[in-house]
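Welcome, and thank you for taking a look at this structure. Let us walk through it together, one part at a time.

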Amino acid sequence: MNGNDIPYSIDIDPECFQVPDGATKFIRQLSDMQEMFSDSEAVQSVLESGNAVIYEYWESESEGPEEGLSYSITCIHTGTVGREYYMTKGHFHITDGDEIYLVLKGQGLMLLQTRDGEARTLEMSPGKLCYVPTNWAHRNVNTGSEDLVFLCVWGPRIDSDYAVIARSGFPQLVVKGLQGPQVIRNQSFSAPSAAGEEVKTKGD
Ligand code: S6P
Ligand code: ZN
């Protein structure tokens, strides 16, 4: 809920991460998502030199549980933890609801997976629209040399589960290779359904 009278318009500047009045801002530092990165020694070494801000986002939630649309802007900064690029935590949606992403700035990849471990990877670059169906967990990775900024729209309310991803990860890892970004198999991945996971808790 952002307090604007509807209809309304607001300005979005991809070059400058500004939070509009009434929106809720979140900051994700490395300490908030240590278990999401595959190289635990690299995590500790980065933490020793400072608690990096990996990404920030703001959300404007719909006015009611069954009306309107919600939206967010996410800005993933540049960097790696070990060889793995900065990325979002990633989540499943607990409640049904598809999402649309529109990339505003930067270069990256969207990783998707079902509970059975079926995997997809979508390119993210300015002007790309990515469609995320219900039941596909999603994570965004910044593989470029500048911030990766994107709009996400869903409606009206979606609850998310982060715990399954924290335990199982994604089937793919996106790492910095000699020739650029590489998508490799995550050796320690096990599909949530194979691990008997139930998706039911709202994480943060
Ligand atoms: C919400 C939507 C986005 C993410 C945001 C941060 O359903 O997918 O607004 O919340 O990009 O990612 P994460 O994985 O920390 O929620
Ligand atoms: Zn989502």
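A good place to begin is an open sheet of six strands, whose order is 1-2-3-12-7-10 and whose pairing is antiparallel. At its edges sit strand 1 and strand 10 (129-132), each of which pairs on one side only. From one strand to the next, the twist averages 20°. Keep in mind as you look that this is a predicted model.

Some background may help here. Strands of a sheet pair through backbone hydrogen bonds, and they can do so in a parallel or an antiparallel way. In a regular strand, the side chains alternate between the two faces of the sheet.

Now follow strand 3, residues 70-76. On one side, strand 3 pairs with strand 2 (residues 53-60) in the antiparallel sense, over six bridges. If you would like one pair to find on screen, take Glu 56, whose bridge partner in strand 3 is Cys 75. Strand 3 is also joined to strand 12 by seven bridges, and these two strands run antiparallel as well. Here you can look for Ile 76, which has Leu 148 as its bridge partner in strand 12. Is strand 3 buried or exposed? Six of its seven residues are buried, so strand 3 is largely enclosed by the rest of the structure. For a residue to count as buried, 20 or more other C-beta atoms must lie within 10 Å of its own.

Strand 3 comes up again when we turn to the ligand. Which residues are around ligand 1? The shell is made of Tyr 57, Ser 72, Thr 74, Thr 88, Lys 89, Gly 90, His 91, Glu 99, Cys 152, Trp 154, Ile 158 and Ser 160. The elements that give two or more residues to this shell are strand 3 and strand 12 (148-154). By character, the shell around ligand 1 divides into four nonpolar, six polar and two charged residues.

Just beyond strand 12, there is a backbone detail to look for. Gly 155 and Pro 156 are joined by a cis peptide bond, with omega about -15°. Pro 156 belongs to the loop between strand 12 and strand 13 (160-161). Another cis peptide bond runs from Ile 6 to Pro 7, where omega is near -5°. Pro 7 has its place in the segment before strand 1.

That segment before strand 1 (24-29) also holds Gly 22. Gly 22 has 13 C-beta neighbours inside 10 Å, which is why it counts as partly exposed. Along the sequence, Gly 22 and Trp 58 are 36 residues apart, while in space their C-alpha atoms are 9.9 Å apart.

Next comes another open sheet, in which three strands follow the order 9-8-11 with antiparallel pairing. Its edge strands are strand 9 (119-124) and strand 11, each pairing on one side only. In this sheet too, the twist averages 20° from one strand to the next. Strand 8 (residues 108-113) is joined to strand 11 by six bridges, and the two run antiparallel. To see one of these pairs, find Gln 113 and its bridge partner in strand 11, Ala 137.

Close this part of the tour with Asn 135, which is found in the loop between strand 10 and strand 11 (137-142). Its phi is near 75°, a positive value in a residue other than glycine. Asn 135 counts as partly exposed because it has 15 C-beta neighbours inside 10 Å.

Finally, step back to take in the whole chain. How many helices and strands does the protein chain have? There are two helices and 15 strands. The radius of gyration of the protein chain is 17 Å, close to the 17 Å that the globule rule gives for 204 residues, so the chain is as compact as a globular protein of that length. Taken along the principal axes, the C-alpha atoms fill a box of roughly 50 × 40 × 30 Å. Buried residues make up 32% of the 204 residues in the chain. As for contacts between residues with a separation of 6 or more, 70% of those in the protein chain involve residues 24 or more positions apart.

Key
Residues numbered from 1 in each chain as written. Chains lettered and ligands numbered in written order. Predicted model: local features only at pLDDT ≥ 70, side-chain atom pairs only at ≥ 80, totals over all residues. Helix = DSSP H or I, 4+ residues; strand = E, 2+ residues; numbered from the N terminus. Buried ≥ 20, exposed ≤ 12 C-beta atoms within 10 Å, placed from the backbone. Pairing = 2+ DSSP bridges. Axes fitted to C-alpha atoms, helices over the stretch in contact; angles between N-to-C directions. Rg over C-alpha atoms; globule rule 2.2 N^0.38 Å. Contact = placed C-beta atoms within 7 Å. Near = placed C-beta within 6 Å. Nonpolar A, V, L, I, M, F, W, Y, C, P; charged D, E, K, R; others polar.
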